[in-house]
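User: I have a model open and would like to know what stands behind the terms used for it. Please go through them one at a time.

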Amino acid sequence: MFTDHLQPVALSELPLLFNLGGTSLVSAAFEGKEDVMPATWVCPLNYDPARVTACVDSCHYTRPLIEKSGMFALALPTAAIVNEVMYLGHVSENDEPAKLEKSGAKFFKMPGYDMPFVEGCAAYAVFRVLPEPHIEKTYDLFIGEAVALWADRRVFRDGAWRFEEVPESMRTLHYVAGGRFHVIGRGFDVHQSR
Ligand SMILES: Cc1cc2nc3c(=O)[nH]c(=O)nc-3n(C[C@H](O)[C@H](O)[C@H](O)COP(=O)(O)O)c2cc1C
């Protein structure tokens with residue numbers, strides 16, 4: 001029986017099981033200070049207007065940059081920059097002011113947006129924060145409304161991901177925990193007949 005394969009799992013392992021979405025990089029800047037950190041706890045919230053939630057802990061340097069500027073960017077890093085992602089996620093700018101330079105990542109700016117964008121991502125988006133002080137303070141959760149969105153046309157075009165057409169280095173990263181990532185796998189289509 002199928003249910004013979006099921007075993008109870010500690011509730012603390014819920015994020016490992018239900019968060020296989022692509023890991024994001026969160027960027028923010030305020031008055032000349034800027035930072036980037038990976039965040040796996042990022043989730044779409046609405047189609048139109050396009051909104052997301054992003055969980056950014058209060059101890060991170062990136063957090064006050066988001067709160068003060070009212071803006072943040074998300075990017076979807078690929079396997080090619082997994083080492084840079086790990087550095088950005090294990091070093092805080094609170095401890096290492098030269099974090100960005102030492103990360104090995106290459107940065108660029110998108111016209112009109114003064115935030116550090118990391119080269120080697122499959123997609124980029126900029127959001128303005130929809131202020132929700134209670135959920136920000138209580139759950140470290142920010143709601144962002146998209147104001148701009150870009151994707152690498154080699155990997156995403158005409159409304160579809162093209163992961164089958166690119167090498168593994170251009171595929172998105174899916175973080176579990178403890179340094180364990182998956183790259184996105186094979187896509188397939190299911191045609192619903194009724
Ligand atoms: C792959 C990965 C995913 C992470 N996801 C999150 C997350 O969803 N939310 C969060 O607050 N921290 C997350 N972190 C931890 C921060 O990225 C990390 O503490 C970072 O160093 C904070 O940098 P900062 O203090 O310079 O802002 C993650 C770390 C890694 C390596």
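Analyst: This is a predicted model. A residue belongs to the shell around the ligand if its C-beta atom, placed from the backbone, lies within 6 Å of the ligand.

User: Which strand gives the most to the shell around the ligand?

Analyst: Strand E2 does, with four residues. The shell has 22 residues, and the closest are Ala39, His60, Thr62, Gly89 and Ser92. Strand E2 (33–39) and helix H3 (82–90) are the elements that give two or more residues to it.

User: How do the residues of the shell divide into nonpolar, polar and charged?

Analyst: Ten are nonpolar, eight polar and four charged. Gly counts as polar.

User: Why is strand E1 called largely enclosed?

Analyst: A residue is buried if 20 or more other C-beta atoms lie within 10 Å of its own. Six of the seven residues of E1 (24–30) are buried, so the rest of the structure largely encloses this strand.

User: What makes E1 and E2 a pair?

Analyst: Two strands pair if DSSP finds at least two bridges between them. E1 and E2 have seven bridges, in the antiparallel sense, so the definition is met. The two strands form a hairpin with two residues between them, and Glu31 in the turn has a positive phi of about 45°.

User: How do you know that E1 also pairs with E5?

Analyst: The cut-off is again at least two bridges, and E1 and strand E5 (71–77) have three, also antiparallel. Leu25 has Pro38 of E2 as bridge partner and stands opposite Ala75 in E5.

User: Why are E2 and E3 said to stand at the edges of the sheet?

Analyst: Seven strands form an open, antiparallel sheet in the order E2-E1-E5-E8-E9-E4-E3. E2 and strand E3 (42–46) each have a single partner strand, so one side of each has no neighbour in the sheet. From one strand to the next the twist averages 35°. Helix H2 packs on the sheet, touching E1, E2, E5, E8 and E9, and its direction makes about 60° with that of E1. H3 packs on the sheet too, touching E1, E2 and E5, at about 110° to the direction of E2.

User: Which residues of the largest nonpolar core touch the most other members?

Analyst: Leu25, Val26 and Ala75 do, out of 34 residues. E5 gives the most to this core, with six residues.

User: What makes Val36 a contact of Val26?

Analyst: Contact requires C-beta atoms within 7 Å. Leaving aside neighbours within four places in sequence, Val26 is in contact with Val36 and others, including Met37, Ala39, Ala54 and Phe72.

Note on methods
Residues numbered from 1 in each chain as written. Predicted model: local features only at pLDDT ≥ 70, side-chain atom pairs only at ≥ 80, totals over all residues. Buried ≥ 20, exposed ≤ 12 C-beta atoms within 10 Å, placed from the backbone. Core = buried A, V, L, I, M, F, W, Y, C linked by C-beta atoms within 7 Å. Contact = placed C-beta atoms within 7 Å. Axes fitted to C-alpha atoms, helices over the stretch in contact; angles between N-to-C directions.
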